[in-house]
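Visitor: I'd like to walk through this one with you, starting with a single side chain and then stepping back. Could you put it up on the screen?

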Amino acid sequence: MARITDRGVVQLISRATSLQHLNIGGTFVTDESLLAIADSCPHLKSIVLWSCRHVTEIGLLNLVNKCRKLESINVWGTRVPVDCFIDLMTISPSLQIKPPVVLLNAGSAAILPVA
């Protein structure tokens, strides 16, 4: 599955508008895929993006803003700043972010478990 690219995701998504669960973890997709998913999959409930190192904060924010039924997102191994996860929870308070973001009482600090 690692050879899946943005082009493949865009083609898949254009034909799967009722998609509810998507695992594209371990691939080289970028925000281009997340934008296509956000525009075409309004029923998306969960997405796995583990180790998608080319995904950015902009793509994740767009996805969560547009996919209002999103319940779970796995972002383990991405290179997204921790502050982004706080923004995602602000947009969708019930969103389950995996791995869990641990909020500390010291200001707005947050940490992710090291795995």
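Visitor: With which side chain does the side chain of Ser33 make a polar contact?
Guide: Keep in mind that this is a predicted model. Ser33 sits in helix H2, and leaving aside its neighbours within four places in sequence, it is in contact with Thr5, Asp6 and Val9. Among those, the polar contact between side chains, at 2.5 Å, is with Asp6.

Visitor: Is Ser33 buried or exposed?
Guide: Go by the relative accessible area: under 20% is buried and over 50% is exposed. For Ser33 the value is 0%, so the residue counts as buried.

Visitor: Which residue other than glycine has a positive phi, near 60°?
Guide: Most residues other than glycine have a negative phi. Look in the loop between strand S2 (46-48) and helix H3 (57-66). The residue there with the positive value is Ser51.

Visitor: And what is the relative accessible area of Ser51?
Guide: The cut-off for buried is under 20%. Ser51 makes that cut and is buried, because its relative accessible area is 17%.

Visitor: Where is the cis peptide bond?
Guide: Most peptide bonds are trans. Here, go to the loop between strand S4 (96-98) and strand S5 (102-103), where Pro99 lies. Omega is about 0° for the bond that joins Lys98 and Pro99.

Visitor: Back to H3: which elements do its buried residues pack against?
Guide: The buried residues in H3 are Gly59, Leu60, Asn62, Leu63 and Val64. Their packing partners include two helices, H2 (31-40) and H4 (82-91). Add the strands and you have the set: H2, S2, S3 (72-74) and H4.

Visitor: Now the whole chain. In what order do the elements run from the N terminus?
Guide: There are 4 helices and 6 strands to place. Start at the N terminus with a helix, and finish with three strands in a row. Written out, that's α-β-α-β-α-β-α-β-β-β.

Visitor: What share of contacts with a separation of 6 or more comes from residues 24 or more positions apart?
Guide: A contact here means heavy atoms within 4.5 Å. Take the contacts in the chain with a separation of 6 or more, and pick out the pairs 24 or more positions apart. They account for 62%.

Visitor: Last one: how much of the accessible surface belongs to carbon and sulfur atoms?
Guide: The chain has 115 residues, of which 39% count as buried. Its accessible surface comes to about 6,500 Å². The carbon and sulfur part of that surface is 57%.

How values were computed:
Residues are numbered from 1 along each chain as its sequence is written. This is a predicted model: local features need pLDDT of at least 70, side-chain atom pairs count only at pLDDT 80 or more; totals for chains, interfaces and linings use all residues. Side-chain values use heavy atoms; hydrogens and water are left out. Buried means under 20% relative accessible area, exposed over 50%, partly exposed in between (1.4 Å probe, protein chains only). Accessible areas come from the Shrake-Rupley method with a 1.4 Å probe; for residues, only the protein chains shown count as cover. A polar contact is a pair of N or O atoms within 3.5 Å; within protein, one must be able to donate a hydrogen and the other to accept it, and residues adjacent in sequence count only if both atoms are side-chain atoms.
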